[in-house]
Amino acid sequence: MLKVELKRALKTRATWRLVAIALVLSLFFAFYTVRHEAYYDYDESGQTLSTRGVKGYELKQEKHSVIEGEITPELLSEAVEGYHKIIAQYGSDYSVPPRISNEVLGPYSPVYTWIGRSFTDENGASFSAADLTPEQAQNFYNERLLTLERTLEKKYGTRPQVLEYAMSHVDESETYFTCSYGIGTTSTFDNLGMCAFLVTLICMVIIAPVFSSDYASGADDILRCTRRGRKSLAAAKLCSALIVSLCVFLLCIGTFLAVVFGAFGFGDQTSAELLNIVYNPNSLTAMGVMGMILLSSLLTFLAMSCFTLFLSSQIKSSHAVLASAMAVAILPTVIRMFGAGGSFGADGAAGAEGNLINWVRFCLPSGGLTMVGSMLDELGGLHFLWIGEFVAWSPYVILIAAAVQLPIWFCLAMRAYNRHEAV
């Protein structure tokens with residue numbers, strides 16, 4: 001019966017058209033990610049020269065090879081000292097010729113970014129390399145932890161259990177961060193999140209009519225009268241829909257990754273803290289961040305697929321099923337923008353005041369699915385949720401909520417179909 005349902009799904013022209021659209025979108029995002037990499041240089045007259053694609057990426061790798069390896073206090077001090085020498089020679093940032101700035105300061109530009117994130121005053125204002133001495137720059141690791149603690153106190157000062165949980169899980173090992181300029185410094189993570197979001201929506205269109213189309217046509221009344229037209233049919237329909245949609249998802253995401261990794265390679269072991277991931281209790285590297293994004297995307301995709309099948313088992317109109325599923329799919333994005341400290345939300349909603357709305361957002365079947373890539377957003381967002389004294393980091397909530405909901409919606413879809421049989 002499962003084989004019959006699979007053939008039925010694969011013989012539909014609409015399915016193959018949607019698969020083609022999803023694959024084209026994946027290829028578009030993959031090649032856009034590679035093309036987006038640009039290396040800028042300057043000729044003797046100060047004119048900008050740009051190189052894009054794989055060649056541009058390789059030139060950037062070569063340019064930043066001076067900081068490859070462990071980010072030691074001595075390296076940070078060297079970068080700041082070099083900056084002060086150039087400024088002393090030319091007077092100010094604006095007086096440094098573009099070519100000199102690119103050749104002398106450019107290789108250390110990531111270091112200056114890390115310093116700006118880690119060195120702050122008590123009010124949260126960032127220090128730049130111009131504000132520090134080479135000796136002060138050597139305190140990078142201590143200052144980073146102080147900045148993290150100040151940020152947590154500002155966001156969660158009324159919730160001491162959050163501060164205690166967060167600081168007790170900070171990785172304070174003696175080892176230094178590692179930099180190996182690679183895929184983590186490209187736009188891969190952002191575009192992967194957007195690609196997964198759109199592919200999930202397309203797969204929802206594929207599976208939305210699984211039950212509802214038969215309800216609407218009356219074919220289900222005939223099918224359920226057969227010898228295996230009850231639980232066996234429901235299981236076959238559910239499994240075939242999940243198999244088809246999962247294959248589409250894996251094909252599209254696999255295509256994206258094949259293109260991107262083919263261009264950028266697999267060797268990026270940059271510490272996540274150097275990729276704007278402020279809080280990293282698991283000592284993730286760039287590849288670890290990629291793994292978290294992929295795991296979150298897969299679990300959320302499966303949870304949303306099962307939820308869509310549940311709606312299809314309840315509603316006769318395929319359009320109503322799809323509209324409802326789409327509304328739930330974009331709801332976390334809307335909440336993130338307007339109610340959880342996003343672009344249009346209240347400032348406090350990202351901290352203690354946003355606890356309830358963030359629980360709602362992450363516990364939706366689409367909690368790990370947003371247009372900006374929910375997992376990447378949360379890894380860099382410093383969000384914690386709590387119930388009484390219990391505290392959890394938001395990326396953990398995303399993964400656990402999606403994993404728990406997957407079998408729940410699957411079983412509810414089975415139950416809804418069986419109850420529909422009795423009508």
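# Reading a predicted model, feature by feature

User: What covers the buried residues of α3?

Analyst: The cover includes α2 (13–36), β1 (38–42), β2 (48–52), α5 (98–105) and α13 (231–264). Keep in mind that this model is predicted.

User: Which residues of helix α3 are buried?

Analyst: Start with the cut-off: buried means under 20% relative accessible area. In α3, residues 53–63, that gives G53, G56, Y57, K60 and K63. Next, look down the helix axis. The buried residues of α3 fall within an arc of 120 degrees, so they line one face of the helix.

User: Let me take K60 from helix α3. Is K60 buried or exposed?

Analyst: Compare its value with the cut-off of 20%. K60 has a relative accessibility of 16%, so it counts as buried. Then ask what it touches. Beyond residues up to four places away in sequence, K60 touches E37, A38, Y39 and Y181.

User: Now helix α16. Which of its residues are buried?

Analyst: Use the reading applied to α3. Helix α16 spans residues 355–363, and its buried residues are N355, N358, W359, R361 and F362. They cover an arc of only 165 degrees around the axis, so they sit on the same side of α16.

User: How do I read a residue that is in contact with parts of the chain far off in sequence? What is L18 in contact with?

Analyst: Place it, check burial, then list contacts. L18 belongs to helix α2. Its relative accessible area is 18%, and it is buried. With neighbours within four places in sequence set aside, L18 is in contact with I202, V205 and I206. Distance can be read too. L18 and V248 are 230 residues apart in sequence, yet their C-alpha atoms are 9.4 Å apart in space.

User: And where is V391?

Analyst: V391 is in strand β6. It is buried, at 8% relative accessible area. Leaving out neighbours within four places in sequence, V391 is in contact with Q161, V162, Y165, F384, L385 and W386. From V391 to L163, the gap is 228 residues in sequence and 9.6 Å in space, C-alpha to C-alpha.

User: How many bridges join strand β5 to strand β6?

Analyst: Four bridges join β5 (residues 384–387) to β6 (residues 390–393). The two strands run antiparallel. Now match the partners. F384 has W393 as its bridge partner in β6. Then check the turn. The hairpin has two residues between the strands, and G388 takes a positive phi near 65 degrees there.

User: What about residues other than glycine? Which sign does phi have at L382?

Analyst: The general idea first. Most residues other than glycine have a negative phi. L382 has a positive phi, near 55 degrees. It is found in the loop between α17 (374–379) and β5. L382 is also buried, at 5% relative accessibility.

User: And where is S283?

Analyst: S283 is in the loop between α13 and α14 (286–314). Its phi is positive as well, near 55 degrees. On accessibility, S283 is partly exposed, with a relative accessible area of 40%.

User: On to empty space. What volume does the largest pocket have?

Analyst: About 540 Å³. Of the 22 residues that line the largest pocket, R117, T120, T147, L148 and T151 are the closest to its centre. Now trace the lining back to its elements. Helices α6 (109–118) and α8 (140–156) each supply at least two residues. The largest share comes from α8, with nine residues. By class, the lining divides into seven nonpolar, seven polar and eight charged residues.

User: How many cavities of 30 Å³ or more does the structure hold?

Analyst: A search of the whole structure finds two. Take the second largest cavity, with a volume of about 30 Å³. Its lining is R144, L148, V170, D171, E273, V278, Y279, N280 and P281. Sorted by class, this lining has five nonpolar, one polar and three charged residues. One residue to look up twice is L148: it lines the second largest cavity, and it is among the residues closest to the centre of the largest pocket.

How values were computed
Residues are numbered from 1 along each chain as its sequence is written. This is a predicted model: local features need pLDDT of at least 70, side-chain atom pairs count only at pLDDT 80 or more; totals for chains, interfaces and linings use all residues. Side-chain values use heavy atoms; hydrogens and water are left out. On a 1 Å grid over the protein atoms alone, a cavity is a set of points where a 1.4 Å probe fits but cannot get out, and a pocket is an open set with protein on both sides within 12 Å along at least five of seven lines; lining residues have an atom within 4 Å of a point. Grid points are joined across faces, edges and corners, and a volume is the space filled by probe spheres set on the points. Ala, Val, Leu, Ile, Met, Phe, Trp, Tyr, Cys and Pro count as nonpolar, Asp, Glu, Lys and Arg as charged, and the others, Gly among them, as polar. Two strands pair if DSSP finds at least two bridges between them. Buried means under 20% relative accessible area, exposed over 50%, partly exposed in between (1.4 Å probe, protein chains only). The arc is that of the directions from the helix axis to the C-beta atoms. Contact means heavy atoms within 4.5 Å.
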